[in-house]
Amino acid sequence: MRLLIVGSLGGQIGAASQIAMRRGAKVSQADDIHAALTQLRGGHGADLMMVDIGLDIRLLVASLESERISVPVVACGVSTDTKAAVEAIRAGAKEYVPLPPDPELIAAVLAAVVQQDNTIIFRDPSMQKIMDLANQVAPSEAGILIVGESGTGKELVARHIHQKSRRANRVFVAVNCAAIPENLLESELFGHEKGAFTGAIARRIGKFEEATGGTLLLDEISEIDVRLQAKLLRVLQERELTRVGGNQSVKVDVRILATSNRNLQEEVRKGTFREDLFFRLNVVTLSLPPLRDRPRDIEILAKHFAEKYASLNKVPARPIAANAMESLQRHIWKGNVRELENTIHRSVLLARGDTIDRDAILLTEDGENVPNPGGSIGTLVGRTVADVERDLIIDTLRHTLGNRTHAANILGISIRTLRNKLRLYTDQGLPVPPPTGGEADVPA
């Protein structure tokens with residue numbers, strides 16, 4: 001990932017940089033907000049900004065919003081400056097990191113923004129077949145569409161393809177089309193010219209230009225508005241773009257990878273996805289199987305996550321007991337690998353004794369396996385679809401301990417849709433589990 005540090009961080013910039021680089025981040029630095037904005041406008045993108053709390057964070061966040069630049073901001077300052085920390089969060093910072101920097105805290109912040117472990121772990125033949133095909137097509141220049149349910153590892157496969165391609169030594173840029181508000185996405189992809197809209201005080205280079213020579217991943221491409229799909233298709237066909245508010249064509253050399261957790265052919269039939277864009281993307285399609293169809297992968301993944309999170313949390317590494325593994329094997333993994341990872345992370349923290357036993361494996365709110373839907377149909381009769389949907393969303397939020405992003409992945413909906421639902425429930429006076437991890441129930 002790309003980390004942009006803004007300011008001196010109270011003299012701790014060197015320490016923070018070293019920690020981030022040891023965790024696999026590419027670090028750049030800007031002396032002040034003006035310099036940081038100049039870097040971002042010029043195509044030197046960032047996945048995360050760590051900003052000195054002594055700088056005007058409110059101005060920075062306002063500038064990012066007005067110029068349609070989507071980068072999360074983390075404030076950093078001395079641990080005793082609690083008032084400034086509160087003000088930074090109110091100003092729009094996603095998190096506050098006290099200084100001097102703690103390695104594990106920095107790691108957690110980085111991991112919250114982008115997946116750090118790019119290793120694809122599998123043993124099941126169904127996944128082996130997909131990876132063999134991915135390795136075969138990776139050296140080509142063909143666009144690849146990676147489809148599958150949320151949490152199956154689509155972005156990991158995309159990064160693997162880039163690493164096996166002829167562009168491996170060039171930049172890999174990922175854009176989460178579902179996470180970026182619709183009114184920001186066009187500028188995010190194609191950039192804009194000075195004066196293109198209110199707040200556009202300078203030219204901004206978009207992700208296509210930033211990724212020139214490398215690979216651009218359009219994550220959850222089905223979430224792009226139909227109007228914007230037309231402009232995207234032109235860029236893919238002509239290999240050139242026009243920035244928002246501009247009239248000059250800019251050549252780009254980008255390999256496109258795209259992911260979707262929806263059936264794009266069905267979206268084409270519904271009129272929400274352009275057929276010509278679908279065919280342009282669909283040169284090669286990799287369909288990732290859900291975890292429930294990869295039974296041999298559950299045990300190896302569970303053991304991997306148990307070791308990973310024991311090390312991360314500095315707790316004893318415990319083997320998974322036979323009764324716990326049996327529960328994992330029986331479970332219906334609607335959230336796929338991501339849900340399994342969260343489950344094992346939680347079990348590592350809850351486990352007592354020498355093993356991770358059944359009591360530490362919380363699969364649903366009451367700790368029981370997800371029931372067969374066919375066996376509970378009677379409990380749904382007489383209820384409205386809206387009521388059932390509301391209860392499912394709230395129960396899933398409780399299951400994820402309030403984490404909106406994880407809940408959206410398990411439910412198979414975009415974070416934008418989830419937040420809109422939660423705002424509706426809040427307006428209706430219904431109790432909604434509070435957000436965690438710097439998330440907020442604001443429209444995306």
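Two strands count as paired if DSSP finds at least two bridges between them. The model discussed here is predicted.

Reader: In which sense do strand 6 and strand 11 pair, and over how many bridges?
Author: Strand 6 covers residues 144-147, and strand 11 covers residues 255-260. Isoleucine 146 has threonine 259 as its bridge partner in strand 11. The pairing of strand 6 with strand 11 is parallel, over 4 bridges.

Reader: Which residue of strand 12 is the bridge partner of valine 147?
Author: Strand 12 spans residues 284-287. Strand 6 pairs with strand 12 in the parallel sense, over 4 bridges. In strand 12, the partner of valine 147 is serine 287.

Reader: Are the residues of strand 6 that point one way and the other way buried or exposed?
Author: In a regular strand the side chains alternate between the two faces of the sheet. In strand 6, Ile144 and Ile146 point one way, while Leu145 and Val147 point the other way. The cut-off for buried is under 20% relative accessible area. All of these residues are buried.

Reader: Which strands stand at the edges of the sheet?
Author: The open sheet has 5 strands in the order 7-8-11-6-12, with parallel pairing. Two of its strands have a single partner strand each, so one side of each is left without a neighbour in the sheet. These edge strands are strand 7 (172-176) and strand 12.

Reader: What is the bridge partner of asparagine 176 in strand 8?
Author: Strand 8 (residues 215-219) pairs with strand 7 in the parallel sense, over 5 bridges. The partner of asparagine 176 in strand 8 is aspartate 219.

Reader: What angle does the direction of helix 6 make with that of strand 12?
Author: Helix 6 (residues 125-137) packs on the sheet and touches strand 6, strand 11 and strand 12. Its direction makes an angle with that of strand 12 of about 155°.

Reader: Why are helix 13 and helix 14 called oblique to each other?
Author: Helix 13 (residues 295-312) and helix 14 (residues 322-330) pack with their axes 10 Å apart, at an angle of about 135°. Angles over 145 degrees count as roughly antiparallel and 65 to 115 as roughly perpendicular. The angle of about 135° is in neither range, and the two helices are therefore oblique.

Reader: How do the residues of the contact of helix 13 with helix 14 divide into nonpolar, polar and charged?
Author: Helix 13 passes helix 14 in a right-handed crossing. Pro295, Ile298, Glu299 and Ala302 of helix 13 meet Met325, Leu328 and Gln329 of helix 14. The contact residues divide into 5 nonpolar, 1 polar and 1 charged.

Terms used. Residues are numbered from 1 along each chain as its sequence is written. This is a predicted model: local features need pLDDT of at least 70, side-chain atom pairs count only at pLDDT 80 or more; totals for chains, interfaces and linings use all residues. Side-chain values use heavy atoms; hydrogens and water are left out. Axes are lines fitted to C-alpha atoms, for helices over the stretch in contact, and angles run from 0 to 180 degrees between N-to-C directions. Angles under 35 degrees count as roughly parallel, over 145 as roughly antiparallel, 65 to 115 as roughly perpendicular and the rest as oblique. A crossing is left-handed if the near helix is turned anticlockwise from the far one by less than a right angle, and right-handed if clockwise. Contact means heavy atoms within 4.5 Å. Ala, Val, Leu, Ile, Met, Phe, Trp, Tyr, Cys and Pro count as nonpolar, Asp, Glu, Lys and Arg as charged, and the others, Gly among them, as polar. Buried means under 20% relative accessible area, exposed over 50%, partly exposed in between (1.4 Å probe, protein chains only).
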